[in-house]
Amino acid sequence: MTHHDPECIFCQIITGKLPGKIEYHDEQVTAFHDINPIAPVHVLIVPNAHIPSVNAVEPEHEAVLGHMFTVARELAEKLGLAERGYRLIVNTGEHAGQVIFHLHMHLLGGRSLGPMLARRS
Ligand code: 5GP
Ligand code: ZN
């Protein structure tokens, strides 16, 4: 059985206890639109199991982590991003500004996304 944290916002979206604009769901992975999008397409792809961050990743998670990339590719095609490109981001911990401690992949696209990271002058 998939492990959920009842306190976790994303676990609650996955289990339907909180509303979410779900774009995709299967036994391993759920994808839903970010509540505060920073690009025309901003979808979060998450494992159904509560993995807090990349810092908690173990070899047993490799199947679901790999599957997240297949879902990302399928959603990029479905949402019209594949041809012109898109960015996948996984923030981890304080320096990356991770806010929700349920591992998630941001799928961003629909406009030119600029440099990968703002340079310090
Ligand atoms: P992080 O900074 O942890 O990588 O990103 C967390 C993301 O989750 C943010 O882009 C934020 O807008 C989004 N988010 C936070 N709370 C909710 C929510 O309740 N529903 C949805 N759909 N997205 C959320
Ligand atoms: Zn969770």
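Let's start at Gln98, which sits in the loop between β4 and β5; helices (H or I, at least four residues) and strands (E, at least two) are DSSP runs, numbered from the N terminus. This is a predicted model, where local features need pLDDT of at least 70 and side-chain atom pairs count only at pLDDT 80 or more, while totals for chains, interfaces and linings use all residues. Residues are numbered from 1 along each chain as its sequence is written, chains are lettered from A and ligands numbered from 1 in the order in which they are written, and side-chain values use heavy atoms, with hydrogens and water left out.

Back to Gln98. Its relative accessibility is 8%, so Gln98 counts as buried (buried means under 20% relative accessible area, exposed over 50%, partly exposed in between, with a 1.4 Å probe and protein chains only). Leaving aside neighbours within four places in sequence, Gln98 is in contact with Pro52, Ser53, Asn91, Thr92 and Gly93, where contact means heavy atoms within 4.5 Å. Gln98 and Ser53 are 45 residues apart along the chain, yet their C-alpha atoms are separated by 8.7 Å. The Gln98 side chain also makes polar contacts: it reaches the backbone nitrogen of Gly93 at 2.9 Å, and one of its polar atoms lies 3.0 Å from the backbone oxygen of Ile100. A polar contact here is a pair of N or O atoms within 3.5 Å; within protein, one must be able to donate a hydrogen and the other to accept it, and residues adjacent in sequence count only if both atoms are side-chain atoms.

Asn91, one of the residues touching Gln98, brings us to ligand 1. A polar side-chain atom of Asn91 lies 3.0 Å from an oxygen atom of this ligand. His104 does something similar, with a polar side-chain atom 2.7 Å from an oxygen atom of ligand 1. On the backbone side, a polar atom of Ile35 is 3.3 Å from a nitrogen atom of the ligand. In total, 17 residues surround ligand 1, and the closest are His33, Asp34, Val99, His104 and His106; a residue makes that list if one of its heavy atoms lies within 4 Å of the ligand.

Now for the metal. Which residues hold the zinc ion (ligand 2)? Cys8 and Cys11 coordinate it through SG, and His50 and His102 through ND1, at 2.0 to 2.3 Å. Donors are N, O and S atoms within 2.8 Å of the metal (3.2 Å for Na, K and Ca), and water is not among the atoms, so sites may look incomplete. The four donor atoms subtend angles of 107 to 116°, and that is why the arrangement is tetrahedral; four donors earn that label if all angles lie between 85 and 135 degrees. Along the chain, the donor spacing reads C-x2-C-x38-H-x51-H. Cys8 lies in the segment before α1 (9-14) and His102 in the loop between β4 (86-89) and β5 (105-109), so this pair ties together parts that are 94 residues apart in sequence. Both Cys8 and His102 are buried.

Phe10, in helix α1, touches His102 and His104, along with Phe32, Leu44, Val46 and Ile100, not counting residues up to four places away in sequence. With 6% relative accessibility, Phe10 counts as buried. Leu44 lies in strand β3 and, at 3% relative accessibility, counts as buried too. Among the contacts of Leu44 are Phe10, Asp34, His104 and His106, again setting aside neighbours within four places in sequence.

That leaves the nonpolar packing. A nonpolar core is a set of buried Ala, Val, Leu, Ile, Met, Phe, Trp, Tyr and Cys residues joined through side-chain atoms within 4.5 Å. The largest one has 17 residues, and those with the most contacts inside it are Val29, Val43, Ile45, Met68, Leu75 and Leu107. Elements giving two or more residues to this core are β2 (29-33), β3 (41-47), α2 (62-78) and β5. Helix α2 gives the most, with seven residues. A second, separate core of eight residues includes Cys8, Phe10, Leu44 and Val46.

Finally, Arg73 also lies in helix α2. Its relative accessibility is 40%, so Arg73 counts as partly exposed. Arg73 and Leu107 are 34 residues apart in sequence and 9.6 Å apart in space, C-alpha to C-alpha.

How values were computed. Four donors count as tetrahedral if all angles lie between 85 and 135 degrees; four count as square planar and six as octahedral if opposite donors are over 155 degrees apart and all others between 65 and 115; anything else is irregular.
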